[in-house]
Amino acid sequence: MASTDLSPESLAVHAGRPQQQPGGPLNSPIFLASALQPGGTSEYARHGNPAWEPLEDVIGQLEQGSALAFSSGLAASAAVFSLVHDKAVVVAPNHGYNGTTQQLQLRDIELRLVDVSDTQTALSAIEGADLVWLESPTNPALEIADLPVLIEAAKQSAAIVAVDNTFSTPLRAQPLLLGADVVTHSLSKLMAGHTDLVLGAAVTNSPDLFSRLKQHRDLHGAIPGALESFLTVRGIRTLHVRLDRAESNATELHRRLLEHPLVAESRYPGFGTVISFVLEDADQAQRVTESSKLVTYATSLGGVESTWERRRRFAAEPETIPAGLIRLSVGIEAVEDLWRDIDQALRA
Ligand SMILES: *Cc1c(COP(=O)(O)O)cnc(C)c1O
């Protein structure tokens, strides 16, 4: 069956497998190589090698573009930011992933940080921009951007528009189909899904942008490792099942958090695996996150196990994020076990 006939769930399971042949494995092996025989597309493993081809194949098919794997999500965003020159005008979310914001703040650019859920303000900022960087939902504020409208406006302004699709995954949003030039991922989160590696990707349909992003990867060297590539493909095989289960857990936990007397506010955009809820102050939130027995007190998100943390414990987190905000990454455990633990931690 042509892969274009397959739904994303089937692509997650089947894309990127080796050609079927008698006695052949169903999965690509873990290739360990630095030099490759001359005559192929790459002779040196920094420029391309079989270790990450299955990964780029499956991500490219899921996002419907051509994928380049990077050593981390931030390596992928750094490659995207290399597309604009000094003094460029860049629009980005004021509550985006703080590492991405810090990367932009290091650059000699005019940085316009906006609330991407305020469409009018975002549209004004996009006028005259060279690069529009979007993240939706934002991390950890969970604001939703009107992607079709903002992408269209960016294109009208002849800006490059890139979307960090980490929180949505290609199963919940496909920004390239909305006209985005580039999509990036922290594969470290939901895509790999097991809290055991750091990896990233950039995906585009533009041959020009692809070759510029690839040149950046070739020359800066932020390439994925063979084992991480293998494990990420393996994680993607179950992405849809993990996502469905974590979403049904998150929907129920959000409903109960909204009713809980100690919870001032709970945010859940209706999809994805992250809930951000707000307690009265930093001390209380810190105590609660350190009182859980099943939900692990840890950073990061998107693993099969539930984790939580108070985001403002990091100095780089913007002060407009409430000090008592807890970011809960919902895993695939039994929801009643999760609730019993969250409820006892809230009382602790
Ligand atoms: C974690 C994260 C990143 C950074 O990815 P790394 O793989 O940690 O480098 C970028 N964007 C979002 C939304 C993230 O959650």
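What follows is a walk through the ring pairs, helix packing and unusual backbone spots of this model, which is a predicted one.

Aromatic rings make a handy starting point. Two aromatic pairs turn up in the model. One of them brings Phe-81 and Trp-133 together edge-to-face, with 4.9 Å from centre to centre and 65° between the planes. This pair ties together distant parts of the chain, since Phe-81 belongs to helix H3 (residues 73–81) and Trp-133 to strand E4 (residues 131–135), 52 residues apart. Phe-81 and Trp-133 are both buried. In the other pair, the ring centres of Phe-277 and Trp-308 are 6.3 Å apart and the planes meet at 50°, so this one counts as tilted. Here too distant parts of the chain are linked: Phe-277 comes from strand E9 (residues 274–278) and Trp-308 from strand E11 (residues 307–310), with the two positions 31 residues apart. Phe-277 is buried, and Trp-308 is as well.

Rings also pick up charged partners. Lys-189 sits over the face of Tyr-97, 5.2 Å from the ring centre. Arg-217 does likewise with Phe-70, at 5.9 Å from the ring centre.

Next come the helices. Two packed helices are described by the angle between their axes and the distance between the axes. For H3 and helix H4 (residues 98–105), the angle is about 35° and the axes are 10 Å apart. H3 passes H4 in a right-handed crossing. On the H3 side, Leu-74, Ser-77, Ala-78 and Phe-81 make the contact, meeting Gly-99, Thr-100, Gln-103 and Leu-104 of H4. That contact splits into four nonpolar and four polar residues, with no charged ones. Phe-81 thus shows up twice, in the contact with H4 and in the edge-to-face pair with Trp-133.

Helix H9 (residues 239–259) and helix H11 (residues 335–347) also pack, their axes coming within 10 Å and crossing at roughly 30°. This crossing is right-handed too. H9 puts in Asn-249, Glu-252, Leu-253, Arg-256 and Leu-257, while H11 brings Val-335, Glu-336, Leu-338, Trp-339, Ile-342 and Leu-346. Sorted by class, the H9–H11 contact holds seven nonpolar residues, one polar and three charged.

Helix H2 (residues 53–63) is mostly covered, with eight of its 11 residues buried. The buried set is Pro-54, Leu-55, Glu-56, Val-58, Ile-59, Gly-60, Leu-62 and Glu-63, so named with two glutamates among them. The cover over these residues includes helix H1 (8–14), strand E1 (66–70), strand E6 (182–186), strand E7 (200–204), helix H7 (207–220) and helix H8 (226–236). Just past the end of H2, Gln-64 has a positive phi of about 60°.

That leads on to the backbone. Most residues other than glycine have a negative phi, and most peptide bonds are trans. The loop between E4 and helix H6 (147–156) is home to Pro-137, and the peptide bond from Ser-136 to Pro-137 is cis, with omega near -5°. Pro-140 lies in the loop between E4 and H6 as well, joined to Asn-139 by a cis peptide bond with omega of about 5°. Leu-142, also found in this loop, has a positive phi of about 60° although it is not a glycine. Leu-142 is buried, at a relative accessible area of 8%. Lys-87, in the loop between H3 and strand E2 (89–93), has a positive phi near 75°. With 60% relative accessibility, Lys-87 counts as exposed.

Technical notes:
Residues are numbered from 1 along each chain as its sequence is written. This is a predicted model: local features need pLDDT of at least 70, side-chain atom pairs count only at pLDDT 80 or more; totals for chains, interfaces and linings use all residues. Side-chain values use heavy atoms; hydrogens and water are left out. Rings of Phe, Tyr and Trp (its six-membered ring) pair if their centres lie within 6.5 Å; planes under 30 degrees apart count as stacked, over 60 as edge-to-face and the rest as tilted. Helices (H or I, at least four residues) and strands (E, at least two) are DSSP runs, numbered from the N terminus. Buried means under 20% relative accessible area, exposed over 50%, partly exposed in between (1.4 Å probe, protein chains only). A charge sits over a ring if NZ of Lys or CZ of Arg is within 6 Å of the ring centre and within 35 degrees of the ring normal. Axes are lines fitted to C-alpha atoms, for helices over the stretch in contact, and angles run from 0 to 180 degrees between N-to-C directions. A crossing is left-handed if the near helix is turned anticlockwise from the far one by less than a right angle, and right-handed if clockwise. Contact means heavy atoms within 4.5 Å. Ala, Val, Leu, Ile, Met, Phe, Trp, Tyr, Cys and Pro count as nonpolar, Asp, Glu, Lys and Arg as charged, and the others, Gly among them, as polar.
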